[in-house]
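Dear colleague,

I am passing on the structure below, followed by my notes on its salt bridges, its strands and one histidine. Please read the notes with the structure open beside them.

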Amino acid sequence: MASISTLFTKTPNPSPSLCLPRTPKSHFTPAFRLPIPLHSKTRTHQKLRVSSALIEPDGGKLVELFVEESLRDVKKREALRMPRIKLSRIDLEWVHVLSEGWASPLRGFMRESEFLQTLHFNSLRLDDGSFVNMSVPIVLAIDDAEKHQIGDSTKVALVDSKDNTIAILSSIEIYKHHKEERIARTWGTTAPGLPYVDQAITNSGNWLIGGDLEVVEPVKYNDGLDRFRLSPAELREEFTKRNADAVFAFQLRNPVHNGHALLMTDTRRRLLEMGYKNPVLLLHPLGGYTKADDVPLGWRMKQHEKVLEDGVLDPETTVVSIFPSPMHYAGPTEVQWHAKARINAGANFYIVGRDPAGMGHPVEKRDLYDADHGKKVLSMAPGLERLNILPFKVAAYDKTQNKMAFFDPSRAQDFLFISGTKMRTLAKNKENPPDGFMCPGGWEVLVEYYDSLVPSNNGKVPETVPA
């Protein structure tokens with residue numbers, strides 16, 4: 001069977017910038033304006049109906065923030081005369097997210113009015129009074145020295161670690177970075193040890209800078225996986241090529257076991273029963289920042305390839321692509337972002353299982369979030385009414401059938417729950433899980449990954465690089 005690298009090739013570069021010029025604003029003047037949707041959306045839940053058209057992006061039009069190729073050199077020369085802000089790895093991932101339209105209709109890093117609406121309402125109000133969902137802040141922090149350097153400038157250049165110009169942020173607004181409020185409202189706790197907080201917020205600057213983004217140099221990672229990083233526009237083109245009349249998305253940041261596959265294959269069966277003729281799966285692993293004990297992206301992609309090669313998932317009805325967003329581990333708050341972004345990629349169905357985007361409490365021995373709250377929140381979240389949420393029961397290993405199956409409480413004794421910790425322990429010890437838990441090829445990749453972490457001569461385990 002063909003590998004995923006040959007099954008899914010990238011389509012041409014995204015279309016030119018859709019940016020519109022703005023009148024420069026004072027750093028502290030609210031400037032919240034988003035495009036008016038092409039069609040007004042009601043906020044009531046719509047009845048499910050079979051349709052061959054892809055779902056519209058939020059705001060009615062996909063926002064792409066790339067400078068036209070013919071103007072890139074001009075913009076780069078302009079950027080040399082601007083104050084410069086150096087982007088962290090996570091900042092760069094957010095530029096990637098914004099540039100391709102995953103956060104449509106957002107047109108850049110959030111200004112204060114957008115930031116506050118996100119924190120307090122998990123949504124943004126458009127010019128016509130309608131709402132789109134937006135549950136996690138997409139912001140850029142700067143420190144006192146950078147703020148002083150910017151001075152009265154209305155534009156700044158965003159550069160990578162090698163000082164290459166990546167983007168220009170214009171009509172900028174600078175406002176206070178209230179870290180405690182941001183953390184408390186995003187995670188529901190300020191307990192120490194939250195991975196994204198430690199990585200991206202605690203030591204970041206005391207100011208946030210928002211504005212309109214013009215991406216001069218599309219973000220590339222040169223890690224051998226860029227061909228899988230399909231933009232929303234490219235995914236929509238792929239779904240159209242495949243004559244998809246429904247797209248159902250599955251978000252994951254872990255290796256695919258047969259319980260995951262059960263959720264995906266059963267979803268397709270249910271959609272066919274509803275009357276759809278060609279529902280297509282978007283298998284969409286998270287490719288941005290993940291915590292250190294998660295399996296890195298490159299290894300996960302190798303494992304997903306084996307899942308397709310072993311026939312666990314059908315490559316004819318599956319599109320594998322990488323979702324570039326960083327991971328917050330913010331439970332019911334973050335799962336809304338994961339769902340919203342997939343609308344912009346063309347998905348009208350979203351699979352949600354147990355404790356999506358959750359993690360263990362960083363201090364206490366318990367889950368940080370209620371396992372059922374994610375799917376309950378998705379069914380009620382403002383701005384997600386157009387997305388059909390497909391909640392599932394927990395999948396566990398059925399010892400009577402030697403396979404993964406949906407948990408049946410009436411015969412709980414027949415089921416074995418294999419946690420992520422247990423799975424990692426088995427793989428580290430080169431022990432096999434029960435037959436039917438994961439395809440053999442996929443398990444071999446997982447064992448190979450943990451084997452690569454054996455202590456080096458100095459007795460230290462090599463540090464994993466965040467995906």
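Which residues are linked with R253 in a network of salt bridges? The network joins R253, K291, D293 and D294, where a salt bridge is taken as a side-chain nitrogen of Lys or Arg within 4 Å of a carboxyl oxygen of Asp or Glu.

Before the rest, two remarks on how the values were obtained. This is a predicted model, in which local features need pLDDT of at least 70 and side-chain atom pairs count only at pLDDT 80 or more, while totals for chains, interfaces and linings use all residues. Residues are numbered from 1 along each chain as its sequence is written, and side-chain values use heavy atoms, with hydrogens and water left out.

Salt bridges

A search of the whole structure gives 26 salt bridges. One of them pairs D58 with K340, with 2.8 Å between the closest N and O atoms. This pair links distant parts of the chain, 282 residues apart, since D58 sits in the loop between α1 (4-7) and α2 (72-79), and K340 belongs to helix α11 (residues 331-344); helices here are DSSP runs of H or I with at least four residues, strands are runs of E with at least two, and both are numbered from the N terminus. D58 and K340 are both buried, a term that stands for under 20% relative accessible area, with exposed meaning over 50% and partly exposed in between (1.4 Å probe, protein chains only).

A salt bridge also forms between E448 and K302, whose closest N and O atoms are 3.7 Å apart. Here too distant parts of the chain are linked, with E448 in helix α14 (residues 440-451) and K302 in helix α10 (residues 297-309), 146 residues apart. E448 is partly exposed because its relative accessible area is 41%, and K302 is also partly exposed, at 35% relative accessibility. In the salt bridge between K375 and D372, the closest N and O atoms are 3.6 Å apart, and D372 counts as partly exposed because its relative accessible area is 34%.

Strands

An open sheet of 5 strands follows the order β1-β5-β6-β7-β4, with mixed pairing, two strands being paired if DSSP finds at least two bridges between them. At its edges are β1 (84-86) and β4 (141-142), each of which pairs on one side only. Within the sheet, β6 (residues 165-176) and β7 (residues 207-215) run antiparallel and are joined by 8 bridges, and Y175 has L208 in β7 as its bridge partner. Helix α2 lies across β1, β5 (155-159), β6 and β7, at about 50 degrees to β6; such angles run from 0 to 180 degrees between N-to-C directions, with axes fitted as lines to C-alpha atoms, for helices over the stretch in contact, and contact means heavy atoms within 4.5 Å.

Elsewhere, β13 (residues 395-398) runs antiparallel to β14 (residues 403-406), with 4 bridges joining them, and A396 is partnered by A405 in β14. Their hairpin has 4 residues between the strands, and N402 there takes a positive phi near 55 degrees. β13 also pairs in the antiparallel sense with β15 (residues 415-416) over 2 bridges, where Y397 has L416 as its bridge partner.

A histidine in α11

H338 lies in helix α11 and is buried because its relative accessibility is 1%. Leaving aside residues up to four places away in sequence, H338 touches Q251, L286, F323, M327, Y350 and A357.

With best wishes
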